[in-house]
Amino acid sequence: MHRDAQVTMVMGRNGTGKSYLTHKIIKALKERAIVITLNGAPAIWRQYDEIDIAKKESWNFKKGIKQVYYMRYEKDTMMYIHKYFNNGIIIFDDCRGYLTSNVDSDMYLKRLLIDFRHKMLDLYFVFHAPTDVPPRIWAFYRTAFIGATDAIFPKSRIMTDSADRIIAAQKRVNAAFRMALAKGGGRHYGLFVRVRP
């Protein structure tokens, strides 16, 4: 990678297009990437082969997207990723199903957050509501794509100076989403507001 590694947050309720947006960004970057899913969902990622993360040779791909099923190795998943994956993109899709609420309780997730720049890893966290990711992850983000959600951000959960901008963006996109949904025709799909610290 020829740019600074960074953390990106993509948030929105079901049907807002979170995974589609993330997939579109990743495809455009044309870098090697892994997407962590709980067990193969959402459907947009099913076109990509699953790799056996415990086997070092499975990581020998130069570009493209590979899928990691968190349920295959559960708590050892982050250990294998930290051990074998550098210079690429990690997508934590629907991460509420496998991330703990406290970064410190998962040593290898913590290491990925501490080491992501040294390992040249872009991290994408894709989730439904503000409380689906540990609060500490917000301290690392460089870009957030805020989609419509039913849960308003509790300011105390966003450990960043940009909390007010994130909350304001959420209110704007929620209003736009309601209007687009009422008009029909799929206009509500893909509505996101981009926020940076």
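Trainee: Why is R13 called partly exposed in this structure?

Mentor: In this predicted model, R13 has a relative accessibility of 29%, and since the label buried requires a value under 20% while exposed requires one over 50%, R13 falls in between and is therefore called partly exposed.

Trainee: What makes the contact of D150 with R13 a salt bridge?

Mentor: The closest N and O atoms of D150 and R13 are 3.4 Å apart, and because the cut-off is within 4 Å for a side-chain nitrogen of Lys or Arg and a carboxyl oxygen of Asp or Glu, the pair qualifies.

Trainee: Which parts of the chain does the pair of D150 and R13 tie together?

Mentor: D150 lies in the loop between β6 (141-146) and α5 (163-183), whereas R13 lies in the loop between β1 (7-11) and α1 (18-29), so the pair ties together parts that are 137 residues apart in sequence.

Trainee: How do you know that D150 is exposed?

Mentor: The relative accessible area of D150 is 67%, and because exposed means over 50%, D150 earns that label.

Trainee: What makes D52 and K55 a salt bridge as well?

Mentor: Their closest N and O atoms are 3.8 Å apart, which is within 4 Å, so this pair also meets the definition. D52, at 26% relative accessible area, is partly exposed, and K55, at 44%, is partly exposed too.

Trainee: How many salt bridges does a search of the whole structure find?

Mentor: The search finds six, and D104, K110 and R136 are linked in a network of salt bridges.

Technical notes:
Residues are numbered from 1 along each chain as its sequence is written. This is a predicted model: local features need pLDDT of at least 70, side-chain atom pairs count only at pLDDT 80 or more; totals for chains, interfaces and linings use all residues. Side-chain values use heavy atoms; hydrogens and water are left out. Helices (H or I, at least four residues) and strands (E, at least two) are DSSP runs, numbered from the N terminus. Buried means under 20% relative accessible area, exposed over 50%, partly exposed in between (1.4 Å probe, protein chains only).
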